[in-house]
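Colleague: Could you take a close look at one part for me, the surroundings of the ligand? A bit of context on the whole chain first would help.

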Amino acid sequence: METKKEIEPVLEIKNLQKSFGDNHVLNGFNLQLFEGENLVVMGKSGSGKSVMIKCLVGLLQADSGSIRIRGKDITALGQIELDLLRTEIGFLFQGSALYDSMTVRENLEFPLRRHKDRLNMIEDTEALVIEALENVGLEDAIDLMPAELSGGMQRRVALARALILKPKIILYDEPTTGLDPITAKEIIQLMRSIQKKYGTSSLIITHDVDCARVISNRIILLVDGINYAEGTYQELSKSGDSQIKAFFKH
Ligand SMILES: Nc1ncnc2c1ncn2[C@@H]1O[C@H](COP(=O)(O)OP(=O)(O)O)[C@@H](O)[C@H]1O
Ligand SMILES: [Mg+2]
(Lines give C-alpha, C1' and ligand atoms only; values in the text may rest on other atoms or scores of the structure.)
(Ligands and ions follow the chains in the order given, each with its own letter.)
Protein backbone atom coordinates (compact mmCIF):
# COMPACT_ATOMS: atom_id res chain seq x y z
CA MET A 1 0.00 0.00 0.00
CA GLU A 2 1.19 3.48 -0.80
CA THR A 3 1.95 5.60 2.23
CA LYS A 4 -0.26 8.63 2.45
CA LYS A 5 1.67 11.81 1.78
CA GLU A 6 1.44 14.16 4.71
CA ILE A 7 -0.38 17.39 3.93
CA GLU A 8 1.92 20.35 4.38
CA PRO A 9 0.51 23.23 6.41
CA VAL A 10 0.53 26.65 4.71
CA LEU A 11 1.83 28.08 7.94
CA GLU A 12 3.61 26.36 10.79
CA ILE A 13 4.97 27.61 14.10
CA LYS A 14 7.12 25.25 16.16
CA ASN A 15 8.24 25.81 19.72
CA LEU A 16 8.05 29.60 19.52
CA GLN A 17 9.62 31.40 22.46
CA LYS A 18 9.61 35.13 23.09
CA SER A 19 10.41 37.05 26.26
CA PHE A 20 10.71 40.72 27.10
CA GLY A 21 13.19 40.75 30.00
CA ASP A 22 11.60 38.66 32.74
CA ASN A 23 8.26 38.62 30.99
CA HIS A 24 8.17 35.19 29.34
CA VAL A 25 5.33 35.67 26.89
CA LEU A 26 5.61 32.66 24.57
CA ASN A 27 7.05 29.47 26.03
CA GLY A 28 7.00 26.97 23.19
CA PHE A 29 3.90 27.77 21.19
CA ASN A 30 2.97 25.55 18.24
CA LEU A 31 0.51 26.04 15.43
CA GLN A 32 -0.31 24.57 12.05
CA LEU A 33 -2.66 26.28 9.63
CA PHE A 34 -3.92 24.17 6.74
CA GLU A 35 -5.14 25.22 3.30
CA GLY A 36 -8.60 26.78 3.34
CA GLU A 37 -8.90 26.57 7.10
CA ASN A 38 -10.13 29.18 9.59
CA LEU A 39 -7.99 28.66 12.65
CA VAL A 40 -8.81 30.72 15.72
CA VAL A 41 -6.35 31.43 18.52
CA MET A 42 -8.03 32.54 21.72
CA GLY A 43 -6.25 33.90 24.75
CA LYS A 44 -6.79 36.41 27.52
CA SER A 45 -5.72 39.99 27.08
CA GLY A 46 -1.94 40.17 27.46
CA SER A 47 -1.43 36.46 26.82
CA GLY A 48 0.81 37.05 23.80
CA LYS A 49 -1.56 36.78 20.83
CA SER A 50 -0.33 39.94 19.14
CA VAL A 51 3.28 39.08 19.95
CA MET A 52 2.79 35.72 18.23
CA ILE A 53 1.31 37.28 15.10
CA LYS A 54 4.04 39.96 15.01
CA CYS A 55 6.70 37.23 15.13
CA LEU A 56 4.89 35.61 12.21
CA VAL A 57 5.11 38.67 10.00
CA GLY A 58 8.59 39.62 11.17
CA LEU A 59 7.63 42.74 13.13
CA LEU A 60 9.16 41.10 16.18
CA GLN A 61 12.04 38.67 16.28
CA ALA A 62 11.40 35.39 18.09
CA ASP A 63 13.97 34.26 20.66
CA SER A 64 13.77 30.70 19.37
CA GLY A 65 11.57 28.32 17.46
CA SER A 66 10.76 28.03 13.80
CA ILE A 67 8.20 29.73 11.61
CA ARG A 68 7.51 28.25 8.21
CA ILE A 69 5.27 29.81 5.60
CA ARG A 70 4.52 27.55 2.65
CA GLY A 71 7.43 25.36 3.75
CA LYS A 72 9.95 28.21 3.90
CA ASP A 73 11.64 29.05 7.18
CA ILE A 74 11.20 32.82 7.42
CA THR A 75 14.17 33.24 9.75
CA ALA A 76 16.43 31.90 7.01
CA LEU A 77 15.17 34.26 4.30
CA GLY A 78 16.85 37.41 3.10
CA GLN A 79 15.02 40.73 2.95
CA ILE A 80 13.94 40.41 -0.67
CA GLU A 81 12.59 36.88 -0.30
CA LEU A 82 10.86 37.85 2.93
CA ASP A 83 9.18 40.82 1.28
CA LEU A 84 7.99 38.65 -1.57
CA LEU A 85 6.57 36.11 0.85
CA ARG A 86 4.84 38.94 2.70
CA THR A 87 2.88 39.80 -0.43
CA GLU A 88 1.14 36.46 0.02
CA ILE A 89 0.01 37.38 3.51
CA GLY A 90 -2.67 39.90 4.41
CA PHE A 91 -2.55 41.30 7.92
CA LEU A 92 -5.46 43.03 9.62
CA PHE A 93 -3.84 44.88 12.52
CA GLN A 94 -5.49 45.16 15.89
CA GLY A 95 -7.58 48.36 15.88
CA SER A 96 -7.44 48.90 12.10
CA ALA A 97 -4.24 51.03 12.09
CA LEU A 98 -5.10 53.20 9.10
CA TYR A 99 -2.85 56.14 8.24
CA ASP A 100 -4.77 59.16 9.53
CA SER A 101 -3.26 61.64 7.11
CA MET A 102 -4.03 59.56 4.01
CA THR A 103 -7.32 59.13 2.20
CA VAL A 104 -8.91 55.70 1.92
CA ARG A 105 -7.50 55.40 -1.60
CA GLU A 106 -3.98 56.26 -0.40
CA ASN A 107 -4.24 53.82 2.49
CA LEU A 108 -5.09 51.07 0.03
CA GLU A 109 -2.41 52.09 -2.45
CA PHE A 110 0.24 51.89 0.26
CA PRO A 111 0.88 48.12 0.11
CA LEU A 112 0.76 48.27 -3.69
CA ARG A 113 3.48 50.91 -3.80
CA ARG A 114 5.56 49.17 -1.19
CA HIS A 115 5.69 45.99 -3.23
CA LYS A 116 5.65 47.59 -6.65
CA ASP A 117 9.22 46.70 -7.58
CA ARG A 118 8.73 43.08 -6.62
CA LEU A 119 5.43 42.52 -8.37
CA ASN A 120 4.83 42.83 -12.07
CA MET A 121 1.12 43.11 -11.66
CA ILE A 122 0.52 46.70 -10.69
CA GLU A 123 -0.57 48.23 -13.99
CA ASP A 124 -3.84 49.62 -12.80
CA THR A 125 -3.81 50.62 -9.15
CA GLU A 126 -7.22 52.21 -9.28
CA ALA A 127 -8.94 49.03 -10.47
CA LEU A 128 -7.36 47.08 -7.60
CA VAL A 129 -8.34 49.72 -5.04
CA ILE A 130 -11.92 49.75 -6.30
CA GLU A 131 -12.16 45.96 -6.34
CA ALA A 132 -10.88 45.77 -2.76
CA LEU A 133 -13.36 48.42 -1.62
CA GLU A 134 -16.22 46.68 -3.42
CA ASN A 135 -15.40 43.52 -1.49
CA VAL A 136 -16.16 45.38 1.73
CA GLY A 137 -19.04 47.46 0.35
CA LEU A 138 -17.25 50.81 0.63
CA GLU A 139 -16.49 51.97 -2.93
CA ASP A 140 -18.16 55.31 -2.20
CA ALA A 141 -15.68 56.07 0.59
CA ILE A 142 -12.63 56.08 -1.69
CA ASP A 143 -11.80 59.78 -1.27
CA LEU A 144 -12.69 60.14 2.40
CA MET A 145 -10.26 60.47 5.30
CA PRO A 146 -10.25 57.82 8.06
CA ALA A 147 -11.57 60.37 10.58
CA GLU A 148 -14.71 60.75 8.46
CA LEU A 149 -15.53 57.05 8.84
CA SER A 150 -17.25 55.16 11.66
CA GLY A 151 -15.27 52.52 13.56
CA GLY A 152 -16.94 49.76 11.56
CA MET A 153 -16.14 51.46 8.26
CA GLN A 154 -12.52 51.94 9.33
CA ARG A 155 -12.29 48.22 10.07
CA ARG A 156 -13.69 47.48 6.60
CA VAL A 157 -11.12 49.74 4.97
CA ALA A 158 -8.39 48.00 6.96
CA LEU A 159 -9.77 44.70 5.73
CA ALA A 160 -9.79 45.95 2.13
CA ARG A 161 -6.16 47.02 2.57
CA ALA A 162 -5.24 43.57 3.91
CA LEU A 163 -6.87 42.04 0.82
CA ILE A 164 -5.50 44.26 -1.87
CA LEU A 165 -2.65 41.99 -2.91
CA LYS A 166 -5.05 39.01 -2.99
CA PRO A 167 -3.15 37.14 -0.30
CA LYS A 168 -3.41 33.37 0.13
CA ILE A 169 -3.15 33.70 3.89
CA ILE A 170 -4.90 36.31 6.02
CA LEU A 171 -3.98 37.07 9.61
CA TYR A 172 -6.64 38.82 11.65
CA ASP A 173 -5.70 40.38 15.00
CA GLU A 174 -8.89 40.96 17.01
CA PRO A 175 -11.07 41.76 13.97
CA THR A 176 -14.20 42.48 16.03
CA THR A 177 -12.73 44.12 19.12
CA GLY A 178 -14.02 47.62 19.83
CA LEU A 179 -17.03 47.26 17.54
CA ASP A 180 -20.68 47.12 18.57
CA PRO A 181 -22.26 43.63 18.28
CA ILE A 182 -24.07 44.32 15.00
CA THR A 183 -21.03 45.77 13.28
CA ALA A 184 -18.94 42.90 14.67
CA LYS A 185 -21.36 40.43 13.04
CA GLU A 186 -21.07 42.26 9.73
CA ILE A 187 -17.28 42.04 9.85
CA ILE A 188 -17.49 38.30 10.59
CA GLN A 189 -19.81 37.82 7.60
CA LEU A 190 -17.39 39.76 5.43
CA MET A 191 -14.51 37.56 6.57
CA ARG A 192 -16.54 34.51 5.60
CA SER A 193 -17.51 35.84 2.19
CA ILE A 194 -13.90 36.80 1.46
CA GLN A 195 -12.74 33.33 2.40
CA LYS A 196 -15.34 31.79 0.06
CA LYS A 197 -14.50 34.11 -2.80
CA TYR A 198 -10.71 33.81 -2.66
CA GLY A 199 -10.27 30.42 -0.92
CA THR A 200 -7.88 31.93 1.62
CA SER A 201 -6.50 30.29 4.74
CA SER A 202 -7.04 32.42 7.83
CA LEU A 203 -5.50 32.73 11.25
CA ILE A 204 -7.86 34.67 13.48
CA ILE A 205 -6.88 35.97 16.87
CA THR A 206 -9.78 36.89 19.08
CA HIS A 207 -11.26 36.80 22.52
CA ASP A 208 -14.75 37.16 21.04
CA VAL A 209 -16.54 33.85 21.65
CA ASP A 210 -19.22 34.60 19.05
CA CYS A 211 -16.58 35.30 16.44
CA ALA A 212 -14.83 32.03 17.32
CA ARG A 213 -18.07 30.06 17.16
CA VAL A 214 -19.15 31.40 13.79
CA ILE A 215 -15.86 31.39 11.96
CA SER A 216 -13.60 28.66 13.35
CA ASN A 217 -12.92 25.24 11.95
CA ARG A 218 -10.55 24.73 14.86
CA ILE A 219 -9.52 26.65 17.97
CA ILE A 220 -6.25 26.82 19.91
CA LEU A 221 -6.33 28.23 23.43
CA LEU A 222 -3.18 30.14 24.33
CA VAL A 223 -2.53 30.05 28.07
CA ASP A 224 0.82 30.73 29.79
CA GLY A 225 2.56 30.96 26.45
CA ILE A 226 1.67 27.49 25.23
CA ASN A 227 -1.18 25.68 23.47
CA TYR A 228 -3.28 24.87 26.48
CA ALA A 229 -6.00 23.16 24.47
CA GLU A 230 -6.98 22.57 20.87
CA GLY A 231 -10.20 21.41 19.23
CA THR A 232 -13.39 22.46 17.50
CA TYR A 233 -15.73 24.97 19.13
CA GLN A 234 -18.09 22.10 19.91
CA GLU A 235 -15.40 20.09 21.63
CA LEU A 236 -13.87 22.91 23.66
CA SER A 237 -17.13 24.53 24.73
CA LYS A 238 -18.19 21.22 26.32
CA SER A 239 -14.97 20.85 28.29
CA GLY A 240 -15.13 20.45 32.07
CA ASP A 241 -11.69 22.05 32.56
CA SER A 242 -12.07 25.31 34.49
CA GLN A 243 -9.46 27.21 32.46
CA ILE A 244 -11.14 26.18 29.21
CA LYS A 245 -14.62 26.89 30.54
CA ALA A 246 -13.57 30.44 31.40
CA PHE A 247 -13.18 31.21 27.68
CA PHE A 248 -16.69 30.15 26.78
CA LYS A 249 -18.58 31.95 29.53
CA HIS A 250 -20.66 34.78 28.15
N1 LIG B 1 7.34 45.49 22.21
C2 LIG B 1 7.15 45.03 23.46
N3 LIG B 1 8.03 45.28 24.44
C4 LIG B 1 7.86 44.79 25.68
N5 LIG B 1 6.80 44.04 26.06
C6 LIG B 1 5.89 43.78 25.13
C7 LIG B 1 6.00 44.25 23.79
N8 LIG B 1 4.92 43.81 23.07
C9 LIG B 1 4.18 43.10 23.94
N10 LIG B 1 4.73 43.08 25.17
C11 LIG B 1 4.21 42.36 26.36
O12 LIG B 1 3.91 41.03 25.96
C13 LIG B 1 2.74 40.57 26.60
C14 LIG B 1 1.73 40.09 25.56
O15 LIG B 1 1.26 41.18 24.79
P16 LIG B 1 0.26 41.02 23.56
O17 LIG B 1 0.77 39.99 22.65
O18 LIG B 1 0.04 42.37 23.01
O19 LIG B 1 -1.07 40.48 24.28
P20 LIG B 1 -2.48 40.13 23.61
O21 LIG B 1 -2.69 38.67 23.84
O22 LIG B 1 -3.48 40.93 24.37
O23 LIG B 1 -2.41 40.49 22.17
C24 LIG B 1 2.23 41.72 27.45
O25 LIG B 1 2.66 41.49 28.76
C26 LIG B 1 2.91 42.93 26.84
O27 LIG B 1 3.10 43.91 27.81
MG1 LIG C 1 -3.40 41.88 21.02
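Modeller: Sure, starting with the whole chain: nine helices and ten strands make up its secondary structure, where helices (H or I, at least four residues) and strands (E, at least two) are DSSP runs numbered from the N terminus. Keep in mind that this is a predicted model, where local features need pLDDT of at least 70, side-chain atom pairs count only at pLDDT 80 or more, and totals for chains, interfaces and linings use all residues. Residues are numbered from 1 along each chain as its sequence is written, while chains are lettered from A and ligands numbered from 1 in the order in which they are written.

The C-alpha trace spans about 50 × 50 × 45 Å along its principal axes. Of the 250 residues, 38% are buried (20 or more other C-beta atoms, placed from the backbone, within 10 Å of the residue's own).

Now the part you asked about. Around ligand 1 sit Phe 20, Asn 23, Val 25, Gly 43, Ser 45, Gly 46, Ser 47, Gly 48, Lys 49, Ser 50 and Val 51; a residue gets in if its C-beta atom, placed from the backbone, lies within 6 Å of the ligand. Strand 2 (23–33) and helix 1 (49–57) are the elements giving two or more residues to this shell, and helix 1 has the largest share, three residues. By class, the shell has three nonpolar, seven polar and one charged residue. Here Ala, Val, Leu, Ile, Met, Phe, Trp, Tyr, Cys and Pro count as nonpolar, Asp, Glu, Lys and Arg as charged, and the others, Gly among them, as polar.

Note on methods: A residue is buried if 20 or more other C-beta atoms lie within 10 Å of its own, exposed if 12 or fewer, and partly exposed in between; C-beta atoms are placed from the backbone.
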